[in-house]
Amino acid sequence: MMSIRYSILAVLLIGFSWQEAAGGAELETPTDPILETLAAEHPRLMLKEDSLKALKKQANDDEVLQRFVRDVIRRADEQLDEPELRYEKRGPRLLHVSKSCVDRIYDLGVAWRWTGEEKYAEKIKETLLTVCSFPDWNPSHFLDAAEMSHGVGIGYDWTYDYLDEKTREQIRSALVELGLKPGIERYKSGYHHFTYAYNWNQVCNGGLLIGALSVAESEPETAEFIVTHALKNLPTALGSYAPDGIWAEGIGYWNYATSYTAFALTALETSLGTDFGLSKTPGLSETGYVPIYFASPTGLYFSFADAGDFKKRKSAACMFWLARTFDNRRFSDSEHDLVQAGKANPFHVLWYSPPSGKKPPVRELDRLLRGEVETALFRSDWNDPEALFVGVKAGYNQAHHGHLDLGNFEMDALGVRWARDLGGDDYNLPSYWSYQEGGTRWTYYRLGSLSHNVPVLGGKNQHAEAVARLTEFESSEAFSFAKVDLSEAYAADAEKVLRGVAVVGNRRAVLVQDEFEIANPCEVLWGMTTDATITLGDSGLAHLRLKGKQLTARVLSPAGATFTVESAEQAPPEKRNKGVSRLVIRLPDTKGALTVSVLLSPEWEDGNSVKKLEFKPLSEWAEE
């Protein structure tokens with residue numbers, strides 16, 4: 001039974017435009033030269049000395065903060081024994097080395113500044129001199145160079161007073177030559193990764209911004225150019241959070257993009273005294289709800305795009321930054337719940353927000369999140385790990401890292417994920433990034449429509465440039481649902497395609513219903529990807545078993561339709577998907593009006609499972 005109950009809320013979203021909402025990111029234009037307010041002292045980035053003193057004072061009476069600091073010092077002690085970083089690429093990339101540099105600098109840096117023990121500063125110096133002796137930071141994949149600029153900038157800034165001037169000059173020169181100057185070249189050439197609306201924008205502009213601000217008094221023209229251009233570009237990416245905070249690249253990239261948003265805006269605040277209004281971007285104050293609502297009762301995320309399959313919610317220190325910036329204890333308390341089970345990292349200290357100690361506020365069982373990708377998320381309970389959960393997505397098939405999966409749903413119940421998303425494949429597969437209609441990307445099983453829990457018409461993928469919108473969302477105790485207009489995705493064969501996903505039977509089962517107006521005769525396929533063992537029954541029944549639990553799938557419409565079982569396994573070099581199956585309905589040579597309705601009913605331990613449901617067309621769902 002549900003512990004929390006809600007009254008009916010109906011929201012019509014017809015005509016909503018994420019592009020218009022994303023245009024709300026506005027930059028406060030500085031009236032003075034942009035470096036006029038530059039803090040003269042070092043450290044000036046992320047954690048200034050007065051803030052460090054305040055943190056140390058707070059730690060005297062805050063056992064949680066004390067534990068976080070101990071965790072970071074333990075990490076730093078482990079870093080002391082690590083070998084020097086080496087210039088070793090993986091394929092065309094140096095990103096793993098750059099990320100290791102950033103992690104090492106922050107671990108050691110917090111330990112150095114908290115304890116004053118020179119062994120940490122000396123290891124930072126060694127790391128900086130090592131990476132500054134590299135032949136390059138791989139500017140051809142500039143994300144790698146931007147991450148390295150970030151790490152070197154922080155290391156230089158935080159150990160400035162420890163380093164002698166000769167060492168400072170050596171590090172400063174390498175930062176300029178290997179990071180900042182190649183960045184300026186790309187700004188001047190219109191390098192698209194700096195200007196588009198996904199994670200590369202925040203990482204490239206944020207990394208360069210931090211590097212430039214670290215040496216701004218010595219390299220004012222370089223710093224002025226980079227800061228100005230970063231401020232010009234960042235609103236494009238931050239606008240993607242509008243209006244509800246969702247990140248179109250999927251939850252796997254939400255943490256990366258949001259962490260670099262926090263890095264960039266924190267660096268601006270600490271070094272220049274302002275973030276130029278970027279934190280006021282619509283949707284940014286809401287984005288902390290995304291990992292909270294995307295996490296199912298099993299802990300698994302509702303996933304899409306290249307975000308990866310079976311990702312569980314993990315600690316994300318940027319939740320502390322969001323909590324501090326927007327005065328929202330829900331974000332920080334949620335993060336504290338996760339950090340308790342693991343080890344804190346340096347950013348939990350830098351952005352520390354203490355636990356409120358208050359009872360968690362009531363959370364809706366259902367949540368609508370709008371944006372370039374839209375999701376509707378439903379659950380039966382927040383505190384029961386075996387509760388029912390289902391999510392459905394809409395949006396734009398050209399979203400970066402996206403798949404051809406408009407209308408895809410994932411479902412959990414009884415502590416098991418029954419309907420799943422396979423996630424992305426190897427990024428080094430040939431033409432993996434060819435997003436255009438007919439591109440090689442869509443021939444890879446995990447990325448095309450055939451692996452997803454979506455309809456397939458005539459054996460073809462959804463159109464690669466299609467947009468689908470959540471046209472209706474209703475939350476009520478007995479019958480909550482979302483409707484998606486998928487017509488554009490199937491325009492080659494159908495005049496109209498609608499999908500409805502509902503939680504029914506007092507939130508004990510899920511109904512997935514698709515309505516078609518087929519223009520060109522073709523096969524219609526309804527499919528669901530699952531790890532369960534499937535046994536086919538009579539009269540349109542299928543029995544799924546997984547981890548000792550059971551779920552029954554029932555075809556409610558069309559009459560006489562039956563399930564079949566197919567394999568989702570693929571041959572190398574694609575990922576194998578070993579043991580994964582597809583529960584499928586195939587309806588050959590179909591034309592005209594068609595409704596495919598499937599009831600997914602977990603077999604609850606109390607025996608109170610949903611076995612019957614009155615069929616109603618989507619147009620009558622709101623009348624329930």
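**Salt bridges and an enclosed cavity**

Arg 586 has a relative accessibility of 37% and therefore counts as partly exposed, since that class runs from 20% to 50%. The model in which this value was computed is a predicted one. Two topics are taken up below, namely the salt bridges, of which the structure holds 35, and the one cavity of 30 Å³ or more that a search of the whole structure finds.

**Salt bridge between strands 11 and 16**
- Arg 586 is the partner of Glu 523 in a salt bridge, in which the closest N and O atoms are 2.8 Å apart.
- Because Glu 523 belongs to strand 11 (residues 509-530) and Arg 586 to strand 16 (residues 581-602), this pair ties together parts of the chain that are 63 residues apart in sequence.
- Glu 523, with a relative accessible area of 25%, is partly exposed, and Arg 586 is likewise assigned to the partly exposed class.

**Salt bridge between helices 2 and 4**
- A salt bridge joins the side chains of Arg 113 and Glu 49, with an N to O distance of 3.0 Å.
- Since Glu 49 is found in helix 2 (residues 49-59) and Arg 113 in helix 4 (residues 95-115), the contact ties together parts that are 64 residues apart in sequence.
- The two partners fall into separate accessibility classes, because Arg 113, at 8% relative accessibility, counts as buried, whereas Glu 49, at 36%, counts as partly exposed.

**Salt bridge between strands 8 and 9**
- The side chains of Glu 472 and Lys 483 also meet in a salt bridge, here at 3.4 Å from N to O.
- Glu 472 lies in strand 8 (residues 467-475) and Lys 483 in strand 9 (residues 480-485), and the pair, eleven residues apart, links distant parts of the chain.
- Both partners, Glu 472 and Lys 483, are buried, which means that each has a relative accessible area under 20%.

**A salt-bridge network**
- Glu 165, Arg 168, Glu 169 and Arg 172 are joined to one another through a network of salt bridges.

**The cavity**
- The largest cavity contains about 50 Å³ of space.
- Its lining is made up of Ala 248, Phe 304, Ala 305, Val 373, Lys 393, Tyr 396, Asn 397, Ala 399, Gly 402, His 403 and Asp 405.
- Sorted by class, the residues that line the largest cavity comprise six nonpolar, three polar and two charged ones.
- Lys 393 and Asp 405 are among the lining residues, and they are placed in the charged class because Lys and Asp count as charged.

Methods: Residues numbered from 1 in each chain as written. Predicted model: local features only at pLDDT ≥ 70, side-chain atom pairs only at ≥ 80, totals over all residues. Heavy atoms only, no water. Salt bridge = Lys/Arg side-chain N within 4 Å of Asp/Glu carboxyl O. Helix = DSSP H or I, 4+ residues; strand = E, 2+ residues; numbered from the N terminus. Buried < 20%, exposed > 50% of the residue type's maximum accessible area, 1.4 Å probe, protein only. 1 Å grid on protein atoms, 1.4 Å probe; cavity = no way out; pocket = protein on both sides within 12 Å on 5 of 7 lines; lining within 4 Å. Points joined across faces, edges and corners; volume = space filled by probe spheres on them.
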